[in-house]
Amino acid sequence: KHMNRNSVLGTLISILIEILLILVLVFVIWGAGRWAYSFGYAIFAEKTVEEEPGTDIQVTITEGESNRQISKMLEEKGLIRDANPFYVRLMLTDYKKLIQPGTYTLNTSMQSEEMMAVMSGETDEDEES
């Protein structure tokens, strides 16, 4: 009889541990899903920093500056909300190889792709010599 009680108790404890592990796994998957959704939303449903007319901000890109460094600089200057989604967006476009060194006037009301076009020299109206 004593032996039976210990085996029942052991079985109950192992079932509780399994339930606890399943709950932890569910919360980890749920948290990862929330993060993935918000990151994907930031990439594909981009919001500009300000409404038009926005604020003009000058940026200088130097020779050899990486796309990651450019993304961080745009965030630091307040032109984009978050460098990481901008960087991913940049790497998904042809602009990843086209951004040119120079000084550019960008605006806080511009979409990321508009900024990429200006920095690649595609639209020279904003480029300063």
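Q: Is the crossing of α3 and α4 left-handed or right-handed?
A: This is a predicted model, in which local features need pLDDT of at least 70 and side-chain atom pairs count only at pLDDT 80 or more, while totals for chains, interfaces and linings use all residues. Residues are numbered from 1 along each chain as its sequence is written, and side-chain values use heavy atoms, with hydrogens and water left out. Helices (H or I, at least four residues) and strands (E, at least two) are DSSP runs, numbered from the N terminus, and a crossing is left-handed if the near helix is turned anticlockwise from the far one by less than a right angle, and right-handed if clockwise. By that rule, the crossing of α3 and α4 is right-handed.

Q: At roughly what angle do the axes of α3 and α4 cross?
A: Axes are lines fitted to C-alpha atoms, for helices over the stretch in contact, and angles run from 0 to 180 degrees between N-to-C directions. The axes of α3 and helix α4 (residues 112-119) come within 10 Å, and they cross at roughly 60°.

Q: Which residue of α2 lies over the face of Tyr-87?
A: In α2, Arg-68 is among the residues that meet α3, where Tyr-87 is one of the partners, contact meaning heavy atoms within 4.5 Å. A charge sits over a ring if NZ of Lys or CZ of Arg is within 6 Å of the ring centre and within 35 degrees of the ring normal. At 3.9 Å from the ring centre of Tyr-87, the residue over its face is Arg-68.

Q: Which residue does a cis peptide bond join to Glu-52?
A: The partner lies in the loop between α1 (2-44) and β1 (56-61). With omega at about 10°, the cis peptide bond joins Glu-52 to Pro-53.
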